[in-house]
Every structure is written in C-alpha cells, then in structure tokens.
Amino acid sequence: MKHDPSASVAAIPRPSACPGLWRVVSALDGGICRVKLPGGLLTSAQARAMAEAARMCASGVLELTNRSNLQIRGVREGEQSALVAHLLAAGLGPRQAAADDVRNLLLSPAAGRDPAAHLDTRPLADRLLALLQDTPEFHALSAKFALQLDGGEALAMLDHPHDIWLSALSGGTQLAFGLAGTPRDQALASIQLEQAEPLVKTALQLFLELAGEHSRMRQLLAELPRADFLTRLRARLPFALGASPVAPQRSELDGAALGAHAQAQPGLVMWLAGAPLGRLEATQLWALADLAETEGSGELRLTPWQGVLLPDIPATRQAAVAEVLTDIGLLLDTRAPLARLLACSGSAGCAKAAADTKVDALRLAERLGLNGPAQMHLSGCPRSCAAAHIAPYTLLAQPGGRYDLYRREQGQAGFGRLLATSLDIDQAGERLAAGNSE
Ligand code: SF4
C-alpha cells in the first residue's frame, strides 16, 4: 500500500498519549516514534530504512510492539524531521497524514502462508486499511481502536482484545463477525466475504455516532447491550446478517512456538524467531533484512508476540537460516529463558517504572536457565504495557526496585493471586526456578 507523498514531513499530529509517526513521545531515553506496519509486514528495503533511521536519528534501538508494529526509541532532539523524512521515503507512512493513527488491523504473521488457513486475508486487509485511511470520519477513532482479521491460521493471536473482529470460516467464502468481548466461539453473525467492507464501514460509523466520550468498543458495550448495537447495525445494512456460525475446529499454534513451520507452499518453511525482551538493535534488523533477501522473499513479518517471522525459506536451507538467526542474536528455542520473559521499558526508559525491568529480566534469565514457568512478565508499574494479556506469572515492581509476585488464576482480577511481596530479583529467580511459586 503506497503512502501519499503529500503526507508531509511536518504534518501536525493530533493529541494522544500513544506514539505515532509524527507524534514522537518523550521518554527517559529519548523520543519514541511508532511505525504502523500493514499486517506487520516490512520489506527488506524498509527494514534497512528503519535500521538506518534508528542509527542516524536515535539510539539505534527498535522495539517490537504487541500489535506487530515497530518503534524507534531514543529519538534525539532536533532529529525528528530527518527521521520522518527517511521513513516516508521508504513508504512507511500512511496514505494521508491524518490517517496515521487508524492503521490498526491485526493479521496473523503467517497470512497467506499458513497451511491451516481458510483464506489469504491480505487482499481484504489491504481494502480495509484503505477504508480506514481514506474515510476522513474514521480519523476520529482512537489510536488504540483496532480491528482483527483472522484467516483461520494456526499461528494466530486470538486472545488479544479487538474492537471489531472478522474470522474466516472453512471454505473461505464467509466470515464470522464479533465485537470486543465476543468470545471467538460465539460470533454474533456471519457474512459473505464481499460484505466485509460495508459491514466494517457501517459498524465504525455506528460506533462513532454512539460512542460519546468512549474511545473503545468495550467501553460502549458496557453501557449499551451488544444485542442493541447489533439491532441498530442490522437496520442500516443493505444485506441481512447470517446466523451465528458454529466456530470451526482449529489447531492453534502458540506464538511461543518458535522454530521452523511448514508453509502452504510446498518445499518452503517460515521461521518464527523471538526478539530478546522485544527489542532489536539496528544492526540486527539490518542483518535480518539481508537474510530475508538472500534466503527468503525479502519479506519480514513482525509478530504480536514481539518476534519476527521470516517466510518463504526453502526447506533445504532451514538449518542454515537457523544458524544465521542465532548468530544475529534471535531466539529460536521456546524453552530459552529469554523467550519466556516479557519486560516493559523499565526505569531506564519510563518515568513510571519502579525498577529497571529490562536489566532485572536479563539477570532473572541467567538464574532460571531452563527452569521456571513457561511465561513470566516483569512490569515496572500496573499499566502492564509489555503484555497484551495477563501472563501466567507477573513480577510487579514496587518502590525501591523490589517485586511482588502474582500468578494468573481463573476468577482473579488484575494480575491474579498475590504469592509473595517485596522480593529482590534473585529471590524471585530462586522461587520461580525451584517451581515453588505456589
Ligand atoms: S508498564 Fe508502567 S513502567 Fe512499564 S513502560 Fe508501561 S508505564 Fe512504564
């Protein structure tokens, strides 16, 4: 999808606390510039452009978000215009400047490649992204308002809360439809594939009319019963919604399933690799771009698990690519301690943090080795930016740099049950490694 060259370097961003392309948000380690990627896709040329921009205008550190976007950290004072110009020249901007924030459409990183998919979602995704960007009234949507289009891929994040979601049914000619809070197996209705754009357009218009002060669908639906929203929606659509479909059985691959996965295209595999603590250095991104070009199709897909998927690798080159990915410093083993740890920016980057979570996570990884739970999250404060959902175990930083330990439990609000208070990171490591976190 091409950006509009008139989306100028000096566009005025609208107010929001979220970083954007033009809205470089200050942090303790410099500015943060967020680049929204269509379906998480980054070409090798764009990856090099981002690496170069991060090196020339910022600290050289890039952060992978849990919505498959990429942000540049440590943007230096006075370098913002040069940074934006570089990114726009690489085609990383929106179709028009006012549409930067609304490019929120999550796809599986394996879209068009996953053998379990019922539908290649990318053509429809392009049309939905164009709809969001080309309709001025939709530019009023919150920077966090997000759509999800699921093709039925095994490699999919299905527990991420999205305001509106569409999910392909077997056969690929129909989609299930739901709103925030609608469980995946209890879709509200079904539609034909070609009805997706008018449905989304009408649902967004209705949301904006009814939303008032609310910025997210779940906030609106806390006041307005979902059935009422649906009735109003039906009244406006020029077609009848189909009955709620029976959710198809699907084999789900967790995003933590690092490694090589077979593609729908015979003889090709896709490598799913983790970025340690959700970050890459510019040099690592550059090396990934080279690898994608020499061994794959020149595409990188960012994942909502803060990793990278490298598609279109000949199966015969699988082992060679694994070696290079390891040399670059990416994680290929789900059991590796850093592959099981999430950590927010921490006190080095965020004024709200009560601990240096990134440094503590590295120390915790050393202490754990192959022991400990499948996923742990170190959060500098209760906002929990690094995780899209509550992790099985959370270490929540407390004043003085110590941590409270929580375990997620059914029926428990927030991070779950409080297991221990005021642990230093070594004590937390001992407790988690010994498996006596009960
Ligand atoms: S979770 Fe809190 S401390 Fe960590 S980055 Fe977010 S706001 Fe900052």
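A residue is called buried when its relative accessible area is under 20%. That cut-off serves the first stop on this tour of a predicted model.

**Asp100.** Select Asp100, in the loop between α2 (80-89) and β6 (105-106). Its relative accessibility is 6%, so Asp100 counts as buried. Next, display the residues around Asp100: leaving aside neighbours within four places in sequence, Asp100 is in contact with Gly20, Leu21, Trp22, Lys36 and Pro94.

**The sheet that includes β6.** From the loop, move on to β6, which belongs to an open sheet of 5 strands in the order β6-β7-β8-β9-β10, with mixed pairing. The edge strands, β6 and β10 (189-192), each pair on one side only. Within this sheet, select residues 164-168 (β8) and 174-179 (β9); these two strands pair in the antiparallel sense over 5 bridges. Trp165 can then be picked out, standing opposite Gly178 in β9.

**Helix α3.** Now select residues 122-134, helix α3, which lies across β6, β7 (147-150), β8 and β9. Relative to β7, helix α3 runs at about 165°.

**The largest pocket.** For the last stop, select Arg34, Lys144, Arg383, Cys385 and Ala386, which lie nearest the centre of the largest pocket among its 49 lining residues. The space in this pocket comes to about 1,400 Å³. Colouring the lining by class gives 22 nonpolar, 15 polar and 12 charged residues. Strands β1 (25-27), β2 (30-35), β4 (61-64) and β5 (70-75) each supply at least two residues of the lining. The largest share, 3 residues, comes from β1.

Technical notes: Residues numbered from 1 in each chain as written. Predicted model: local features only at pLDDT ≥ 70, side-chain atom pairs only at ≥ 80, totals over all residues. Heavy atoms only, no water. Helix = DSSP H or I, 4+ residues; strand = E, 2+ residues; numbered from the N terminus. Buried < 20%, exposed > 50% of the residue type's maximum accessible area, 1.4 Å probe, protein only. Contact = heavy atoms within 4.5 Å. 1 Å grid on protein atoms, 1.4 Å probe; cavity = no way out; pocket = protein on both sides within 12 Å on 5 of 7 lines; lining within 4 Å. Points joined across faces, edges and corners; volume = space filled by probe spheres on them. Nonpolar A, V, L, I, M, F, W, Y, C, P; charged D, E, K, R; others polar. Pairing = 2+ DSSP bridges. Axes fitted to C-alpha atoms, helices over the stretch in contact; angles between N-to-C directions.
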